[in-house]
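Colleague: I am new to this model and should like a close look at a single part of it. Please begin with the surroundings of the ligand and continue from there to the elements of the fold.

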Amino acid sequence: MKALTNRLPARALTAFAVVAAAVTGVVAHESTADALANGLALTPPMGFNDWNAVGCGVSEAFIKQTADFIHGHVLSDGKTLQQSGYEYVNIDDCWAQPSRDSHGNLVPNPAKFPDGIAGTAAYVHSLGLKLGLYNDSGLKTCSSHGFPGSFQHEAQDALEFAQWGVDYLKDDNCNQAAGQGTRAATIQRYTAMSNGLAAARSKTGQAIVFSICQKGDNGINTEDWSPQVGNLWRTTGDVKPNWARLDSNIDKNIPLAKYAGPGAWNDPDMLEVGNAGLSATEAQTQFSMWAEMAAPLLIGTKLASATTQTLDVLGNTEVIAVDQDPLGVQGVQISDKGGLRVLAKRLSGGDVAVAFFNETGASAPISTSASAVGLGAASSYTLRDLWAHKTTNTTSSSWTVTVPSHGTVLLRIHPASAS
Ligand code: GLA
């Protein structure tokens with residue numbers, strides 16, 4: 001259990017939260033998690049994962065095309081997605097051959113990945129981006145096609161991933177061997193991979209972000225132990241491009257705010273922005289709430305055929321700045337009046353990002369106040385609407401916005417007295 005003894009002096013973060021809360025008076029949010037001390041993912045990971053876009057149909061050509069797009073396609077604000085912060089290009093399930101080789105190594109499917117994972121990583125790296133890969137902590141991955149899992153091959157697989165140049169690993173939790181679904185065995189399996197990655201890093205110098213995909217299976221709360229073992233952990237079942245699932249994932253992730261902090265993030269799953277099944281308003285809500293909850297921003301749509309509207313959501317740098325704020329605090333829910341919810345996220349420099357989230361079936365006004373969101377008295381407040389890109393100054397310390405059904409208004413609020 002080496003990773004469990006290898007903790008950050010995380011109370012530095014906690015001490016800051018307590019002092020900040022004392023100064024501002026409210027949103028007394030305290031990180032309780034000791035994060036894995038690998039120095040990675042100090043802000044939530046940003047990038048792409050192919051699963052929501054193509055499922056089991058991943059290929060080297062698709063990954064390279066996606067990397068090219070992130071690197072080279074200029075959005076309407078004049079920036080590429082890479083310049084807006086997207087960094088990881090992640091390969092999900094179905095990249096491997098159905099069997100290990102005679103040395104027990106995992107083998108990339110040569111028809112799908114003619115240059116292997118190493119060749120694909122080299123290409124992605126040549127664009128200044130990073131490569132992610134998927135594996136499973138059980139006997140086989142989650143796909144019904146039965147690709148090999150890493151159970152009892154953790155150190156060997158971790159070294160192979162590092163030697164290939166992998167920068168990010170998503171470790172799933174399907175198809176456990178008998179007896180491997182208990183809490184102790186689950187923590188042990190993920191700790192084995194975490195330690196394997198640390199050992200591989202010592203040997204090769206390759207640092208790998210560790211994304212735990214245990215999802216609370218078997219009633220085992222992932223947030224209790226994952227911060228000490230990985231950099232992020234799935235807190236929900238699979239996201240889908242429909243409102244009920246999106247809303248349910250938001251609902252499950254909100255109460256977990258205290259577990260998040262630099263290097264340790266709740267992961268309510270990947271983005272569905274751009275995929276059929278979500279309205280434009282709902283897609284914008286996913287992006288807003290993921291930013292407010294300091295969630296990883298992993299694009300899950302086919303970028304080559306994405307509309308300008310989709311790209312403008314994904315490329316909204318004002319919303320991205322909320323997600324990526326260096327303070328690394330997950331927004332906290334401060335009120336919920338029958339599905340009219342307000343969350344407040346403290347930002348470095350004294351601003352607060354406030355999400356007005358309307359879960360209901362009808363447009364409605366939502367109100368909050370400076371004291372409720374954790375801001376002290378100020379002579380005036382600057383309200384920046386991060387979707388309308390409009391700024392309003394007001395001397396009022398209570399604010400009401402009208403929010404469409406399933407919509408989110410995201411305001412960055414700056415008190416005049418703050419720097
Ligand atoms: C699980 C994960 C998904 C995806 C698939 C791949 O369902 O939760 O995110 O990785 O497996 O098979």
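Modeller: A polar backbone atom of S143 lies 3.5 Å from an oxygen atom of the ligand, where a polar contact is a pair of N or O atoms within 3.5 Å. The model is a predicted one, in which local features need pLDDT of at least 70 and side-chain atom pairs count only at pLDDT 80 or more, while totals for chains, interfaces and linings use all residues. Residues are numbered from 1 along each chain as its sequence is written, and side-chain values use heavy atoms, with hydrogens and water left out.

Two side chains also approach oxygen atoms of the ligand. For D93, a polar side-chain atom is found 2.7 Å from such an oxygen, and for K215 an N or O atom of the side chain is 3.2 Å from one. The ligand is surrounded by W51, D92, D93, Y134, C142, S143, K170, D172, C213, K215, R234 and D238, each having a heavy atom within 4 Å of the ligand.

R234 is among these surrounding residues, and strand 6 spans residues 232-234. Strands here are DSSP runs of E with at least two residues, and helices are runs of H or I with at least four, numbered from the N terminus. Strand 6 pairs with strand 7 in the parallel sense over three bridges; for strands to count as paired, DSSP must find at least two bridges between them. One bridge joins W233 to N266 in strand 7.

Both strands belong to an open sheet of eight strands, ordered 7-6-5-4-3-2-1-8 and paired in parallel. Strand 7 (265-267) and strand 8 (297-299) each have a single partner strand, so one side of each is left without a neighbour in the sheet. From one strand to the next, the twist averages 25 degrees. Helix 4 packs on this sheet, where it touches strand 1 (46-49), strand 2 (88-90) and strand 3 (130-136), contact meaning heavy atoms within 4.5 Å. The direction of helix 4 makes about 160 degrees with that of strand 2, on a scale of 0 to 180 degrees between N-to-C directions.

Helix 4 (residues 60-72) also packs with helix 5 (residues 116-126), at an angle of about 10 degrees and with the axes 10 Å apart. The two helices are therefore roughly parallel to each other, a term for angles under 35 degrees. Helix 4 contributes E60, I63, K64, A67 and D68 to the contact, and helix 5 contributes G116, T120, Y123 and V124. These residues divide into four nonpolar, two polar and three charged.

Key
Angles under 35 degrees count as roughly parallel, over 145 as roughly antiparallel, 65 to 115 as roughly perpendicular and the rest as oblique. Ala, Val, Leu, Ile, Met, Phe, Trp, Tyr, Cys and Pro count as nonpolar, Asp, Glu, Lys and Arg as charged, and the others, Gly among them, as polar. A polar contact is a pair of N or O atoms within 3.5 Å; within protein, one must be able to donate a hydrogen and the other to accept it, and residues adjacent in sequence count only if both atoms are side-chain atoms.
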